[in-house]
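Thank you all for making the time this morning. I would like to walk you through one model, slowly, starting from a single residue and working outwards.

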Amino acid sequence: MKNLIFIFICLYCLSCTRSVYVVRHAEKIASSDSLAKMMANDPPLSEAGKVRALVLKQELNNKHISHIYSTNTARTMSTAEPLSEVKKIKIELYGNIDSLVYLIQSTKGNVLIVGHSNTVDDIVNKLCGEKKIAADLTDSEYDNLFVIKYRGKKIRFTQHKYGYPSNP
């Protein structure tokens with residue numbers, strides 16, 4: 001009987017734990033590229049970015065992601081797409097950060113959010129309830145994986161690197 005109670009308590013505690021993974025979109029085609037000039041407002045991923053999106057899929061494949069959120073741009077959606085395909089999870093679009101944060105806070109399960117250099121800090125800081133990232137990411141930063149773990153009412157923030165290092 002004690003073993004059964006112990007197992008129940010462990011399962012209950014695990015169900016109260018969830019993680020939100022926040023990344024900036026992977027590398028985009030350089031603005032000097034002719035395709036990028038044609039698609040100036042919405043450049044696609046570069047070859048390096050496509051590789052990073054695959055690495056992100058490998059990194060998060062065993063993290064039990066149940067929701068994926070992205071802005072409506074080619075580079076963010078292409079960053080999320082490999083994981084979306086392997087997990088068979090539809091990419092949900094967001095526009096307003098406050099609405100996204102409210103949605104995340106009321107959603108169960110682990111989440112991936114793909115944002116931009118000027119939104120990742122706002123998303124992470126609002127999800128943590130305090131400033132964890134001081135400012136926008138630099139234009140050359142693509143290798144950060146920010147993790148916000150919720151365990152009951154406790155929030156733990158960590159920052160990891162994934163894939164090969166971004167260009168300095």
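**From one glutamate to the pocket**

Leaving aside residues up to four places away in sequence, E141 touches R24 and S166. Please keep in mind throughout that this is a predicted model. The pairing with R24 spans a long stretch of chain, since the two residues are 117 apart in sequence, and yet from C-alpha to C-alpha E141 and R24 lie 8.1 Å apart in space. As for where E141 sits, its place is in the loop between α6, residues 120-128, and β5. Is E141 buried, exposed or something in between? Its relative accessibility is 22%, and because buried means under 20%, E141 counts as partly exposed. The side chain of E141 also makes a polar contact, at 3.0 Å, with the side chain of N144.

N144 takes us into the strands, where it stands opposite K161 in β6. The strands β5 and β6 run antiparallel and are joined by eight bridges, and together they form a hairpin with two residues between them, where G152, in the turn, has a positive phi of about 65°. β5 also pairs with β1, again in the antiparallel sense, over seven bridges, and within that pairing S19 has K149 in β5 as its bridge partner. β5 itself is mostly covered, with six of its eight residues buried.

That brings me to the largest pocket, whose volume comes to about 270 Å³. Its lining is made up of 17 residues, and the closest to the centre are S19, Y21, K63, V147 and K149, so you will recognise S19 and K149 as the bridge partners I mentioned a moment ago. Which elements give two or more residues to that lining? They are β1 (17-24), α3 (47-60), β5 (144-151) and β6 (154-161). By character, the lining residues divide into four nonpolar, seven polar and six charged.

Let me close with the chain as a whole. The protein chain has six helices and six strands, and read along the sequence they follow the pattern α-β-α-α-β-α-β-α-β-α-β-β. Of its 168 residues, 43% count as buried. Finally, if we take contacts between residues at least 6 apart in sequence, 62% of them join residues at least 24 apart, and the contact with which I began, between E141 and R24, is one with a separation of 117 residues.

Methods: Residues numbered from 1 in each chain as written. Predicted model: local features only at pLDDT ≥ 70, side-chain atom pairs only at ≥ 80, totals over all residues. Heavy atoms only, no water. 1 Å grid on protein atoms, 1.4 Å probe; cavity = no way out; pocket = protein on both sides within 12 Å on 5 of 7 lines; lining within 4 Å. Points joined across faces, edges and corners; volume = space filled by probe spheres on them. Helix = DSSP H or I, 4+ residues; strand = E, 2+ residues; numbered from the N terminus. Nonpolar A, V, L, I, M, F, W, Y, C, P; charged D, E, K, R; others polar. Buried < 20%, exposed > 50% of the residue type's maximum accessible area, 1.4 Å probe, protein only. Pairing = 2+ DSSP bridges. Contact = heavy atoms within 4.5 Å. Polar contact = N/O pair within 3.5 Å; in protein donor to acceptor, adjacent residues only side chain to side chain.
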